[in-house]
Structure formats: structure tokens, C-alpha cells
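Okay, thanks everyone, let's get going. I'd like to walk you through a few spots in this one, beginning with the cysteines.

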Amino acid sequence: MAVQKLIKTPRYTHTSSDILGKEIELVDSASFIFMYKEIFEQQIYRFKTKKSDPFILDCGANIGLSVLYFKQVYPKSNIVAFEPDIKVFNVLKSNVHRFGLSEVELINKAVWKSETTLEFMSEGADAGRVIQLEEDKEKYKVSTVRLGEYLSKPVDFLKLDIEGAETEVIKDCEDLLVNVENLFVEYHSFANEPQTLHLILNILTKAGFRLHIHQMRPSPQPCYQLDIYSGMDMILNIFGFRE
């Protein structure tokens with residue numbers, strides 16, 4: 001019933017749902033349903049660890065579904081979660097508070113290859129970004145943080161869902177990935193830009209990860225016609241783990 005109610009809710013409408021047993025705020029029904037199925041039903045962020053308190057970096061935390069999942073599976077985990085979109089960040093903060101989560105640090109900054117200020121495009125749901133900005137979307141300045149500053153100690157799980165900034169960030173912290181045990185990277189291929197998938201795969205392989213890849217929103221006949229979504233012609237979920 002909860003999902004059916006959300007399906008009928010117009011996109012980009014601030015609402016709430018009790019699908020997780022407690023009231024959770026959301027900013028967009030369609031992206032929420034998609035994330036809920038990936039995170040809680042498919043459990044794409046599940047990883048193995050012998051630690052009772054794994055250290056998790058959640059880059060692109062959105063409204064906090066991933067944070068809630070990590071805390072459900074690993075209650076004693078220590079999480080640092082980054083979300084640059086101020087409207088989405090406020091909902092993230094509210095949800096973490098609503099669920100009474102501890103050992104969660106929330107940072108309202110974009111993950112990047114340096115500490116600076118960049119123009120950010122707010123898409124209104126889960127596709128806000130600092131690259132490949134669209135003219136008709138709201139934009140404002142955001143502060144950035146260098147991911148490498150958080151990789152000097154062992155990281156049990158690194159989640160990178162940063163809407164196209166992943167290649168630059170991974171290139172910048174290439175030498176520090178040895179400290180990461182498991183990772184998830186959402187790779188975004190923009191239709192009007194050269195693809196950089198080979199760079200990411202090369203870096204992750206050199207860092208010692210065994211890789212597994214899922215394709216999201218595939219084009220059924222890519223050699224004939226590419227389906228474009230938010231300027232992207234391909235989105236991949238890349239999983240890295242150590243054998």
C-alpha cells in the first residue's frame with residue numbers, strides 16, 4: 001500500500017512514507033521508489049566485514065536511505081555521509097534524527113578532487129551534480145571536499161554516487177584506494193562527452209579490486225538508438241571487493 005500511494009504522488013513533491021516502519025521524509029516519489037528497491041529489496045550495498053563497527057563513506061547520501069540501510073545491517077557502524085544539495089541535505093538530516101541514528105556525521109558538501117567552490121545543479125531529486133549542468137535547472141554555489149582526506153585510514157565500504165564527478169575523484173585518490181576494502185561506484189556516461197569508464201576500471205583493477213558491473217536503464221538497441229536520461233547514455237553500477 002505504501003508503494004502504491006507513492007506511485008500516485010506527483011514527482012518532486014515533498015512528502016513522507018512509513019514504508020520503513022517509521023515516518024521518513026522524501027523529496028521525490030519516483031526516485032524514492034527506485035532507491036528503496038535497490039537498497040532495501042536488492043540490497044546492493046551489502047558487503048562482508050568481520051568488524052562490528054565498520055567505517056563507511058557515503059558520498060551522495062541523498063535523503064538517507066543508504067544511511068538507514070547501513071545502520072539496519074551494521075548498527076554500530078561509523079558513517080560519514082556527504083550531500084551537497086541543501087534542500088535534500090535538510091531532509092537527510094531530518095531522517096537521521098527521526099530514526100535516532102548515532103555515529104553518523106553529515107556533511108553538506110560535494111565530493112570532489114580538491115577543496116573549492118563549484119556551481120551545483122539542483123535537479124530536485126537524486127540527480128543534482130557539479131558537472132554537465134543543464135540550463136533549465138536551478139543552480140547555486142556549493143563547497144567541496146577532497147575525498148582523499150578521508151582515505152588515510154581503513155575504509156570498510158566506500159559508496160560513490162556523485163553524478164558524473166566519480167572519474168575525477170577516483171583519479172585524484174588513486175594511491176589511497178589500497179585503504180578501501182569494498183566499494184560501489186555509479187558511473188555516468190554523458191552523451192556529449194568522451195567516456196571515461198576505462199580509466200575507472202584500470203584504476204580499480206590496479207588497486208587490487210575484483211570488479212562486478214550492473215547496467216542501469218539499458219538501451220535495448222544501442223547500436224541503433226541510444227536512450228538518453230538526464231543527458232546520460234549509460235549508467236553503470238560498479239562493485240569492487242577484495243578476494
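So, disulfides: the count comes to zero. Keep in mind that this is a predicted model.

Why does Cys59 not pair up? The closest cysteine sulfur to that of Cys59 sits in Cys173, 8.9 Å away, and that's too far for a bond because the cut-off for a disulfide is 2.5 Å. As for surroundings, Cys59 counts as buried because its relative accessibility is 0%. Cys223, on the other hand, comes out at 86% relative accessibility, so that cysteine counts as exposed.

Next up, helix α3, which covers residues 65-73. How many of its nine residues are buried? Seven, so to speak, making α3 mostly covered. The buried ones are Leu65, Ser66, Val67, Leu68, Tyr69, Phe70 and Lys71. Yes, there's a lysine on that list, Lys71.

Last stop, Asp85. You'll find Asp85 in the loop that runs between β4 (78-82) and α4 (86-98). This aspartate is buried, yet it has no salt bridge. Which side chain of opposite charge is nearest to Asp85? That's Lys87, at 6.7 Å, and the salt-bridge cut-off is 4 Å.

What Asp85 does have is a polar contact with Tyr140, side chain to side chain, at 3.3 Å. If you set aside the neighbours within four places in sequence, Tyr140 is also one of the residues in contact with Asp85, along with Asn108, Phe120, Ser122 and Glu123. So if you're turning the model on your own screen, have a look at Asp85 and Tyr140 together.

Methods: Residues numbered from 1 in each chain as written. Predicted model: local features only at pLDDT ≥ 70, side-chain atom pairs only at ≥ 80, totals over all residues. Heavy atoms only, no water. Buried < 20%, exposed > 50% of the residue type's maximum accessible area, 1.4 Å probe, protein only. Helix = DSSP H or I, 4+ residues; strand = E, 2+ residues; numbered from the N terminus. Lys, Arg positive; Asp, Glu negative; His and termini not counted. Polar contact = N/O pair within 3.5 Å; in protein donor to acceptor, adjacent residues only side chain to side chain. Contact = heavy atoms within 4.5 Å.
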